[in-house]
Each structure stands twice: as structure tokens, then as C-alpha cells.
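Please open the model in your viewer and keep the selection panel at hand, as the stops below move from the whole chain to single residues.

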Amino acid sequence: MAQDADVLVIGAGLAGLVAAAEIADAGKRVVVVDQESPGNLGGQAFWSFGGLFFVDSPEQRRMGIRDSVDLALEDWLGTAAFDRTEDHWPRQWAHAYVAFAAEEKRAWLHAQGMRWFPIVGWAERGGYGAVGHGNSVPRFHVTWGTGPGVVAPFVRRTRAAESAGRLRFAFRHRVDELIVESGAVVGARGATLEADASPRGKPTSRAVTGDFELRAGATIVASGGIGGNHELVRANWPARLGTPPEFMVQGVPDYVDGRMLAITEAAGGRLINRDRMWHYTEGLRNWNPIWSGHGIRILPGPSSLWLDATGKRLPPPLYPGFDTLGTLAHIMASGYEYTWFLTNRAIVKREFALSGSEQNPDLTSKSWRMVLGRVLGKRATPPVEAFKAKGPDFVVRDTLDELVAGMNALAAEPLLDLETVRREVTARDRQLDNPYGKDLQIAAIRQARNYVGDKLSRVTPLHRLLDPKYGPLIGVKLNILTRKTLGGFETDLESRVLGPSGDAIGGLYAAGEAAGFGGGGVHGYRSLEGTFLGGCIFSGRAAGRSAAARA
């Protein structure tokens, strides 16, 4: 039968746009299908903070950071902890991605107009030794323009290809089946959905108005993960992370539903490492939600005191910003599914950032004036101040007694014991009587302030939490927040989807989160952060170039 395009791309998120841009630039015809409306072009990447992982970048060198491929790869492998037969291709993708992050990645994106904030962030600091989990040095480069700034070059390229007649967007097209003939994927069938002009990110209608069939020489699945489907999250939840939470806030829009995973499996694709996932432990209920159960993550500096539901301090190195999944496992083993930050005005002002393009108007709008206000102002950013005033998970009080009473009022049960909390806070504050001591979190704060980027804009000078000069005191109830799927379809370095026998399925490719960001799980068990958007870009580029060459 006649082909509708050389390549069919399923998903108009970041990975799909990168793949489609590469295909069109190779002179091939491409159709991009997506179940959402044009207003959602760019997918969940649009809502991101825009962090990208670079190795030995000019920004790092200007900050005095010595990084290298060897150090980054050691960090990646120590974090991933690959230990399965299925980790063959994920390991190959890890080596390839770290090399890309150290070499071509920045120059390639810079040539397309992307720029980055000059201060490099230090995420996932680890704390388990030189060969364990974590970034040895800061590598989190915030894109100037945040998520929209990451998506923009690829929207521009695909829209230009659309104007030139090489690319067609088919929005409100929901794929229900991949067409398999003679063992190869030759296209897709599905339903057309009624038009829906809901604002970006809002849930949209699933009313069917018709059906469609599209045929192509190659098909790329770039449909994302399962973070918006709590049923799938719980079904795949690993025993090593304890019992799945009964309540979770949602870090991605509703359309991140995981539908295409089962559909692609039915066509023969091998889905591996489905028990590997990435969920945050610092989730807030959004006082102004866009999608269902909309949650916002705090991007914390290292100074807040982290308490479990009963008021006991989390053990080292489970400090804010050090080990996301280690913290998650500890929380779920505690018998409770929420925790608390006990902090104060000074720490919140300097150390609380909120993940999301809409929560960072200064960086998203590329306003240096607003950025200076973030650094030099007397208050936290307007979005953080709004959460302090309106967010259902914040308690602000002048005294510790009042604070603990307010925190207990937020919980289903008043589990916090005032004297337990007082002992933890007082003992912590007493450690500041000398410029040395045994508290490892305080040692970590001192180390952080040795990095000029943290000292300038990210980490509050050490002080006693109970010192009224830095008050009032603030308690923040932290929920589990769904986010990323780390497993996915097993792919070789050309992004070809492999079947159960290990052979590539003709005409079928996968990219982005659907491919575990490459190979079926390039991150292994944990992430170094700043690697999700970059994984979409790298795997989308590989899929687009490979499919264009073979179509």
C-alpha cells in the first residue's frame, strides 16, 4: 500500500520533535501524530525547569569546576549500578551519552540558539563515597528560558519543515495499534478525537469522532512514560522502594498515560526495567493546579532540617538535594508516606526554588532584572511567597511550639511530638558553637559554601534555626510526587526497538522516556539529574537520523 510518509513519529513532545526535525532536515517526509491539541506542542518538557547535564562546559570552567569524561562516567556508573543482563544496551547508551554531554551536545544546542544561566547547579550530591551515587561536581545547567527555551529550537525547526511541505502534524490523533506486516511495523491505526481548545496542560476530551490509518517506512514511538497514570505507577512499583503510596501528587500532565507502552509491546517490542522509576520526595500540592492532582517539587538547598512523620531526623546522607531515591526508600520503610522540612524564612528565601517553567518567571522570561531580584531581594521569589501564603502544605509560625501544633493540624494524625522535634532542632543548633562538630549535614553545608555558585545564590550562611533574627519558623509537609519512567523499550544505539530474541524489529524505533531515554534504561536505578531532557534530545536525534537513513 502507498505510504503516507517516510517516517511516522508518535508523540509531539521533546523527543518526538527532535526526531521529526532530524528526519525533515534529511529531506524525508514525516508525519507527527499526537492525541493532544496544538497548544500542547512540546509535551511535558515545556513545563520543566530546563536543566541539562553537561561535562566540562565553559560555564563549569568559569565557576572553577574541574570536570572530565572519566569523572562523569564514574559518577554515572556508580549511580546507575547496572546489575542485570538487560543492562547491556543501557550501559552502551550511558557511555555514548556521557561522551555526547562532554563533546558535541553543548555546541550543537548552542548553534540552534540555546543558552544557559551562568551559575551551574549541584543536584544529587550523593554522599556514599567516590564510587557511589551522586554528582562529584555541579553539572546542572539551567536553560535560559527554562523548558520553553529547550523546546523552542525544535518547534522552530519542525514548523519550518511544515511550511516547506516535508512535515505534517496530526493532532488529536490517538494511536490504538501499530500495524505489523511480515514481522515489520509499517504504520499505525487509531481514533481521531474531537477538537479541544483547553489551555496547555489541562485534561482534554477523549470523545472519538472517527478513525485513521497512517503508513510509513519507519515508525518512532516517542510517547513518554507513565507518571500521569497512578495505576501503572503502583503496578510497577518495586519492592525495594517499599509499599506504593496511597496518596501521590502528580508531577506531569494527565496525557503522560503510558498507553503506547502496551501497544508497542503488542507489536513485539521488548519492554525492560519497568520497575525502575524516578519519583520525588519534596512534592507540594499546587494551590493553583493545571492538571489533575498537580504537584510542584521543591528544589531545595541543603540547610532545611528533614524530619519524618513522627519528628525524627532523616539519617545521613539523606539531606535535601542529596539522594532522591534513597530518601524515597527510607520514607516508605517508615510506615508513613510524607515527611517535613523544618526551616525558616532565611533558608526558604535563599534555598527554595520550585521546579517548573511557570514557577520561575524570571528565568522563563529571560529577565535579568527579575533574576537579580531573586538573588538580592529581601523575600523569596513571588511563586515561593505565593506557596507560603496559599499552599496547603506550608505552616508559618513564630515559635517552635506554635509551629509543631500547626504542622500536626495539617496531618491526618498529630504524630509530631514537640519534645522530640525540640531535641532534634536544639541539638542541631548546638553544633554551631564551634567551627567543627559531628553533624554531617552541617559539614555538608560548609562544603557547599566552598563552591562559589552555592555561596553566591543557593546556600544560606550557617545559623541557628531557632534564632529569631532568621524567622519566622516554617514547616513544609512533603508528599511523594510522580515523575519519570526509567525503564522502557530496549533499543540499540540506532534507537531500533529490539524484540524478545534480541533482534531489531523492522521499521520500529523508540526515543525519550518510552525508551528509558535510550536502551531501555540509560539511568539504571538512579539519575544524576539534568539528564531527562538531554536523554530525550540524544535518543530523539539518534532515532530521527537512523529512521531517516533507513526509511
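Begin with the whole chain of this predicted model and display its contacts: among those with a separation of 6 or more, 77% join residues that are 24 or more positions apart. A cartoon representation will show 18 helices and 20 strands. With the C-alpha atoms alone selected and the view aligned to the principal axes, the protein fills a box of roughly 80 × 45 × 45 Å. The radius of gyration is 23 Å, which agrees with the value near 24 Å that a compact globule of 551 residues would have.

Next, colour by accessibility and by charge. Buried residues make up 61% of the 551 residues, while the protein exposes about 20,200 Å², of which carbon and sulfur atoms supply 53%. If you mark the 64 positive and the 59 negative charges, their mean positions turn out to be 6 Å apart.

Now select helix H8, residues 259-266, and show its side chains; the buried residues there are Met-260, Leu-261, Ile-263 and Thr-264. Which strands do the buried residues of H8 pack against? Extending the selection by contact brings in strand S1 (5-10), S6, strand S8 (208-221), strand S10 (271-272), strand S18 (488-489) and S20. Just after H8, stop at Gly-268, where phi is positive at about 110 degrees.

That stop leads to backbone geometry more widely, for which a general expectation is useful: most residues other than glycine have a negative phi, and most peptide bonds are trans. Select Thr-146, a residue other than glycine whose phi is nevertheless positive, near 50 degrees. Thr-146 is found in helix H6, which covers residues 146-163, and with a relative accessible area of 0% Thr-146 counts as buried, because the cut-off for that term is under 20%.

Go on to Arg-172, in the loop between strand S5 (167-171) and strand S6 (173-181). Arg-172 is not a glycine either, yet its phi is positive, at about 60 degrees. Is this arginine buried or exposed? Arg-172 has a relative accessible area of 7% and is therefore buried.

For the peptide bonds, centre the view on Pro-317, which lies in the loop between strand S13 (305-307) and helix H9 (324-333). The bond leading from Pro-316 to Pro-317 is cis, with omega near 0 degrees. Then move to Pro-472, in the loop between helix H17 (452-457) and strand S17 (473-485), where the bond from Gly-471 to Pro-472 is also cis, here with omega near 10 degrees.

The last selection is Thr-531, located in the loop between strand S20 (504-510) and helix H18 (532-550); S20 is also one of the strands against which the buried residues of H8 pack. Thr-531 has a relative accessible area of 1%, so it is buried. Which residues does Thr-531 touch, leaving aside those up to four places away in sequence? Expanding the selection shows Phe-53, Trp-76, Tyr-97 and His-523. Finally, draw the distance between the side chains of Thr-531 and Ser-527, which make a polar contact at 3.0 Å.

Notes. Residues are numbered from 1 along each chain as its sequence is written. This is a predicted model: local features need pLDDT of at least 70, side-chain atom pairs count only at pLDDT 80 or more; totals for chains, interfaces and linings use all residues. Side-chain values use heavy atoms; hydrogens and water are left out. Helices (H or I, at least four residues) and strands (E, at least two) are DSSP runs, numbered from the N terminus. The radius of gyration is taken over C-alpha atoms; the globule rule is 2.2 Å times the number of residues to the power 0.38. Buried means under 20% relative accessible area, exposed over 50%, partly exposed in between (1.4 Å probe, protein chains only). Contact means heavy atoms within 4.5 Å. Accessible areas come from the Shrake-Rupley method with a 1.4 Å probe; for residues, only the protein chains shown count as cover. Lys and Arg count as positive and Asp and Glu as negative; His and the chain ends are not counted. The place of a charge is taken as NZ of Lys, CZ of Arg, CG of Asp or CD of Glu. A polar contact is a pair of N or O atoms within 3.5 Å; within protein, one must be able to donate a hydrogen and the other to accept it, and residues adjacent in sequence count only if both atoms are side-chain atoms.
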